[in-house]
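I opened a fresh page for this one and wanted to go through it contact by contact. My notes are below, in the order I looked things up.

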Amino acid sequence: QVQLVESGGGLVQAGGSLRLSCAASGRSISAYSMGWFRQAPGKEREFVATTQGSGTYYSDSAKGRFTISRDNAKNTVYLQMNSLKPEDTADYYCVAGKFQSSRYDDYDFWGQGTQVTVSS
């Protein structure tokens with residue numbers, strides 16, 4: 001089992017930045033694909049970014065503004081979010097799984113989420 005705990009969410013003005021962290025415990029994340037999803041109020045959960053080995057993929061909305069990274073030694077994954085927009089307001093969830101995917105249900109472990117609010 002892998003336990004995932006997100007942190008770093010909060011309230012930020014449009015154009016600002018936040019860095020989300022996802023601390024894993026239970027197993028090393030080095031062999032896992034790690035990712036971030038988000039769910040805005042009243043909307044479906046959507047893919048944000050994923051990383052495994054040298055492969056990193058982003059949603060169109062995240063590309064160029066967000067950067068996913070991982071520190072296997074710290075068993076932690078990060079999501080650096082720059083140039084934030086009000087439409088980035090959502091709960092952000094960290095995921096871990098055997099394979100990279102843009103589908104939330106393809107992952108094996110999920111965190112509880114951290115809230116990000118971007119004010120205009």
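These entries cover strands, cores, rings, charges and backbone oddities.

**Entry 1: the open sheet**

I kept in mind throughout that this is a predicted model. I started with the strands and found an open sheet of four, in the order β1-β3-β8-β7, with antiparallel pairing. β1 (3–7) and β7 are the edge strands; each has a single partner, so one side of each has no neighbour in the sheet. I also checked the twist: neighbouring strands here are turned by 15 degrees against each other on average, direction ignored.

Then I looked at one pairing in detail. β7 and β8 are joined by six bridges in the antiparallel sense. I noted one register point there, with arginine 70 having valine 77 in β8 as its bridge partner.

**Entry 2: around β11**

Next I went to β11 (114–119). β2 (residues 10–13) runs parallel to β11, with four bridges between them. Glycine 10 is the residue I found opposite valine 116. On β9 and β11 I counted three bridges, and that pairing is antiparallel. Tyrosine 92 has threonine 114 as its bridge partner in β11.

Which side chains of β11 are buried, and which are not? They alternate: Thr114, Val116 and Val118 point to one face and are buried, whereas Gln115, Thr117 and Ser119 point to the other face and are not.

**Entry 3: nonpolar cores**

The largest nonpolar core has 28 residues, and I noted Leu4, Trp36, Leu79, Met81 and Tyr92 as those touching the most other members. β3, β4, β5, β7, β8, β9 and β11 each give two or more residues to this core. Apart from it I found another core of six residues, among them Phe37, Phe47, Tyr93 and Tyr107.

**Entry 4: aromatic rings**

I got five aromatic pairs for the structure. In the pair of phenylalanine 37 and tyrosine 107, the ring centres are 5.7 Å apart and the planes stand at 75 degrees, so I logged it as edge-to-face. Phenylalanine 37 is in β4 (residues 33–39) and tyrosine 107 is in the loop between β9 and β10 (109–110), so this pair ties together parts 70 residues apart in sequence. Phenylalanine 37 is buried at 2% relative accessible area, and tyrosine 107 counts as buried at 2% too.

I then took tyrosine 104 and tryptophan 110, a tilted pair at 5.9 Å centre to centre with 35 degrees between the planes. Tyrosine 104 is buried at 16% relative accessibility, while tryptophan 110 is partly exposed at 36%. Ring pairs link Phe37, Phe47, Tyr104, Tyr107 and Trp110 into a cluster.

Where does arginine 45 lie with respect to tyrosine 104? Arginine 45 lies over the ring face, at 4.0 Å from the ring centre. Arginine 45 also lies over the face of tyrosine 93, at 5.0 Å from that ring's centre.

**Entry 5: salt bridges**

My search of the whole structure gave six salt bridges. Arginine 38 has one with glutamate 46, with the closest N and O atoms 2.5 Å apart. Arginine 38 is buried at 6% relative accessibility, whereas glutamate 46 is partly exposed at 34%.

Arginine 38 forms a salt bridge with aspartate 88 as well, at 2.9 Å between the closest N and O atoms. That pair links distant parts of the chain, since arginine 38 is in β4 and aspartate 88 is in the loop between β8 and β9, 50 residues apart. Aspartate 88 is buried at 1% relative accessibility. I wrote down the network too: salt bridges link Arg38, Glu46, Arg65 and Asp88.

Another salt bridge joins lysine 98 and aspartate 108, with 3.7 Å between the closest N and O atoms. Lysine 98 is exposed at 52% relative accessibility, and aspartate 108 is partly exposed at 31%.

**Entry 6: positive phi**

Last, I checked the backbone. Most residues other than glycine have a negative phi, so I wrote down the exceptions I met. Asparagine 75 has a positive phi of about 55 degrees. Asparagine 75 sits in the loop between β7 (66–71) and β8 (76–81) and is buried at 13% relative accessible area.

Serine 83 has a positive phi near 50 degrees. Serine 83 is in the loop between β8 and β9 (90–97). Is serine 83 buried or partly exposed? Its relative accessible area is 42%, so I have serine 83 down as partly exposed.

Technical notes. Residues are numbered from 1 along each chain as its sequence is written. This is a predicted model: local features need pLDDT of at least 70, side-chain atom pairs count only at pLDDT 80 or more; totals for chains, interfaces and linings use all residues. Side-chain values use heavy atoms; hydrogens and water are left out. Buried means under 20% relative accessible area, exposed over 50%, partly exposed in between (1.4 Å probe, protein chains only). Rings of Phe, Tyr and Trp (its six-membered ring) pair if their centres lie within 6.5 Å; planes under 30 degrees apart count as stacked, over 60 as edge-to-face and the rest as tilted. A charge sits over a ring if NZ of Lys or CZ of Arg is within 6 Å of the ring centre and within 35 degrees of the ring normal. A nonpolar core is a set of buried Ala, Val, Leu, Ile, Met, Phe, Trp, Tyr and Cys residues joined through side-chain atoms within 4.5 Å. Two strands pair if DSSP finds at least two bridges between them. Axes are lines fitted to C-alpha atoms, for helices over the stretch in contact, and angles run from 0 to 180 degrees between N-to-C directions. A salt bridge is a side-chain nitrogen of Lys or Arg within 4 Å of a carboxyl oxygen of Asp or Glu.
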